[in-house]
Amino acid sequence: RMQFLPPCTRDTVLRYLSFQFPSAIARYNGEEMANLAERASARVTRLVESTGRAPELVGRADLFADAGLLALKLVLADDGLVPQAGTIDLLEFTDSTRRSLQQAVTEAVRAAQWYDHDDDGVVDQNRLEVGPFAMRIVL
């Protein structure tokens, strides 16, 4: 069974905060960072499920990482952390980030290799679709 990795992890939150908001790291402890990651991952998971797909049936475990980072930006904006807060309109930022998140999820869903051969809710790794044709080479 393919292991579905969360689109956003505590490490993702830590890296993003340390780069974008270095002074805010002291404001969050490990549990709060894990909570932010869970909220961002849940947002991505809901978007994937709204397409009628199950995220755990994707052929690549890290496919939604970009969407996870965008979802994290939205979660942090809900908490009042917005990049360049003095020069950016909050509504414009959230609308733009939501559109980018939706696009990232759409692209990931299209790029994913979904395959459940026997409808048991499990992706069979050895039966992933590899393309529209196969070529046999005889030497």
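Begin by selecting valine 105 in this predicted model; leaving aside residues up to four places away in sequence, valine 105 touches Val44, Leu47, Val48 and Ala67. Keep Val105 displayed and add Val13, Leu17, Val44, Leu72, Leu76 and Leu101, since these seven are the members of the largest nonpolar core, a set of 30 residues, that touch the most other members. The elements that contribute two or more residues to this core are H1, H2, H3 and H4.

Next, colour the whole chain by secondary structure, where four helices and zero strands appear, in the order α-α-α-α from the N terminus on. Of the 139 residues, 40% count as buried, and among contacts with a separation of 6 or more, 73% join residues 24 or more positions apart. If you switch on a surface, the accessible area comes to about 8,900 Å², with 50% of it belonging to carbon and sulfur atoms.

Now select helix H2, residues 30-49, and put a distance between its end C-alpha atoms: they lie 28 Å apart, which agrees with the 28 Å that 20 residues should span at 1.5 Å a residue. At the start of H2, zoom in on asparagine 29, where a side-chain oxygen reaches to within 3.0 Å of the backbone nitrogen of glutamate 31. Then show the side chains of the buried residues of H2, which are Met33, Leu36, Ala37, Ala40, Ser41, Arg43, Val44, Thr45, Leu47 and Val48; the list includes Ser41, Arg43 and Thr45 alongside residues such as Leu36 and Val44. These buried residues pack against helix H1 (10-20), helix H3 (65-78) and helix H4 (90-111).

Move on to H3, whose 14 residues should span 20 Å at 1.5 Å a residue, in agreement with the 20 Å between its end C-alpha atoms. Its buried residues are Ala67, Gly68, Leu70, Ala71, Leu72, Leu74, Val75, Leu76 and Ala77, and what covers them includes H1, H2 and H4. Just beyond this helix, stop at glycine 80, which follows H3 and has a positive phi, near 95 degrees.

For the last stop, select threonine 94, found in helix H4. Is threonine 94 buried or exposed? Its relative accessibility is 10%, and because buried means under 20%, threonine 94 counts as buried. Not counting residues up to four places away in sequence, threonine 94 touches Leu74 and Ala77, both of which are listed among the buried residues of H3.

Notes
Residues numbered from 1 in each chain as written. Predicted model: local features only at pLDDT ≥ 70, side-chain atom pairs only at ≥ 80, totals over all residues. Heavy atoms only, no water. Expected span 1.5 Å × (residues − 1). Buried < 20%, exposed > 50% of the residue type's maximum accessible area, 1.4 Å probe, protein only. Contact = heavy atoms within 4.5 Å. Polar contact = N/O pair within 3.5 Å; in protein donor to acceptor, adjacent residues only side chain to side chain. Core = buried A, V, L, I, M, F, W, Y, C linked by side-chain atoms within 4.5 Å. Areas by Shrake-Rupley, 256 points an atom, 1.4 Å probe, with all protein chains shown as cover.
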